Amino acid sequence: MDIRIYDTPAEIGEAAGKIFADLIRSKPDAKLGLATGASPVPTYQYLIGEYERGNLSFRGVSAYNLDEYCDLPKNDRNSYYTFMRENLFDHVDIDPANTHIPDGNAADIEKECREYDRLIEEIGGVDLQILGIGTDGHIGFNEPGDSFAPGTFKIKLHDSTIESNSIYFKNGDMPRYALTMGIGTIMSAKKIVIIATGASKAEAVKAMIEGEVSPACPASILQTHPDVTVFLDRAAAGLLTGEK
Ligand code: F6R
């Protein structure tokens with residue numbers, strides 16, 4: 001793992017954003033794996049800036065999101081569909097037909113999951129995946145458990161995730177279930193960038209980088225991926241000893 005430590009989220013956003021921008025310039029039909037949440041927002045802001053400065057076009061780019069809540073209308077203000085529009089898609093020239101997010105309201109969830117996996121298998125895995133990490137070590141919505149999930153599946157969110165994410169649900173309960181790419185789907189990415197900031201992530205970051213590879217910390221699987229860059233601020237890196 002290539003570990004890089006910065007002072008501010010904005011510096012991380014620029015550094016991670018440059019990896020995305022360089023890829024898109026060298027491969028205009030790049031396949032991007034995207035995430036929601038606070039961690040990737042500065043990266044998306046850098047990319048929007050590059051587009052506005054005329055330095056980057058998303059015309060040929062395709063996007064594949066990690067996850068989506070179940071039982072939340074697609075256009076709800078807290079859906080990941082809305083998040084992606086507000087934080088990236090509506091501000092760049094990506095073709096909406098090339099943006100993919102699993103449908104958490106599909107009538108046949110199993111079929112939706114298999115079709116989402118098939119979509120990603122057909123492209124041979126995304127070229128570049130951006131990830132955040134949960135305080136419990138989740139990536140996507142792969143919560144700690146007994147095994148690593150191979151493909152996209154429906155998960156019951158853990159209490160710590162509900163606690164972290166319910167701040168966004170001002171007028172009521174947040175969903176208890178989500179669809180998420182499995183660990184196998186995430187690991188099929190050719191390159192992975194993971195971002196963590198703030199002291200609340202320090203324990204999960206330590207387990208991811210210096211702990212044993214175990215489904216008890218889903219992000220620890222990234223130790224076995226050949227091309228992972230970890231972007232941290234000093235607080236998130238605070239418990240690392242550099243011993244692994
Ligand atoms: C979001 C996702 C989650 C988040 C994680 C960290 O699509 O898959 O794994 O990346 O919960 O969230 P933030 O960045 O809000 O701390």
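A residue counts as buried when its relative accessible area is under 20%. In this predicted model, Asn65 comes out at 0% relative accessibility, so Asn65 falls on the buried side of that cut-off. As for its place in the fold, Asn65 belongs to strand β3, which covers residues 62-65.

Two further residues end up in the buried class, and both are found in helices. Thr161 is part of helix α5, made up of residues 159-165. With a relative accessibility of 1%, Thr161 is buried too, because the limit is 20%. The side chain of Thr161 also has a partner: a polar contact of 2.6 Å links Thr161 to the side chain of Glu143. Ile120, for its part, sits in helix α4, which spans residues 109-122. Its relative accessible area is 3%, so Ile120 is buried as well. Along the chain, 61 residues separate Ile120 from Met181, yet in space their C-alpha atoms are 9.8 Å apart.

Now for the ligand. It sits in the largest pocket. Around the ligand are twelve names worth finding in the picture: Ala35, Thr36, Gly37, Ala38, Ser39, Leu66, Asp67, Gly132, Ile133, His138, Gly140 and Lys201. Sorted by class, this shell holds 4 nonpolar, 6 polar and 2 charged residues. Several backbone atoms come up against oxygen atoms of the ligand. For Gly140, a polar backbone atom is 2.6 Å from a ligand oxygen. For Ala38, the distance from a backbone N or O atom to an oxygen of the ligand is 2.8 Å. Gly132 also takes part, with a polar backbone atom 3.4 Å from an oxygen atom of the ligand. On its own, the ligand has 410 Å² of accessible area, and the protein covers 90% of that.

What about residues that are not buried? Asp71 is one of them: its relative accessible area is 60%, and since exposed means over 50%, Asp71 counts as exposed. Asp71 is placed in the loop that runs between β4 (67-69) and α3 (80-87). The backbone does something worth a second look here. Most residues other than glycine have a negative phi. Asp71 is not a glycine, but its phi is positive, at about 60°.

Between the two extremes come the partly exposed residues, among them Arg85 and Thr241. Arg85 is located in helix α3. Its relative accessibility is 33%, which lies between the 20% and 50% limits, so Arg85 is called partly exposed. Arg85 and Thr99 are 14 residues apart in sequence, and the distance between their C-alpha atoms is 9.9 Å.

Thr241 is found in the segment that follows β10 (228-233). At a relative accessible area of 45%, Thr241 is also partly exposed, because exposed would need a value over 50%. Two distances help to place Thr241 in the fold. Lys206 is 35 residues away along the chain, and 8.4 Å separates the C-alpha atoms of Lys206 and Thr241. With Asn65, where this account began, the story is another one: Asn65 and Thr241 are 176 residues apart in sequence, and their C-alpha atoms are 33 Å apart in space.

Methods:
Residues are numbered from 1 along each chain as its sequence is written. This is a predicted model: local features need pLDDT of at least 70, side-chain atom pairs count only at pLDDT 80 or more; totals for chains, interfaces and linings use all residues. Side-chain values use heavy atoms; hydrogens and water are left out. A residue is near a molecule or strand if one of its heavy atoms lies within 4 Å of it. A polar contact is a pair of N or O atoms within 3.5 Å; within protein, one must be able to donate a hydrogen and the other to accept it, and residues adjacent in sequence count only if both atoms are side-chain atoms. Accessible areas come from the Shrake-Rupley method with a 1.4 Å probe; for residues, only the protein chains shown count as cover. On a 1 Å grid over the protein atoms alone, a cavity is a set of points where a 1.4 Å probe fits but cannot get out, and a pocket is an open set with protein on both sides within 12 Å along at least five of seven lines; lining residues have an atom within 4 Å of a point. A molecule sits in a cavity or pocket if more than half of its atoms lie within 2 Å of its grid points. Ala, Val, Leu, Ile, Met, Phe, Trp, Tyr, Cys and Pro count as nonpolar, Asp, Glu, Lys and Arg as charged, and the others, Gly among them, as polar. Helices (H or I, at least four residues) and strands (E, at least two) are DSSP runs, numbered from the N terminus. Buried means under 20% relative accessible area, exposed over 50%, partly exposed in between (1.4 Å probe, protein chains only).
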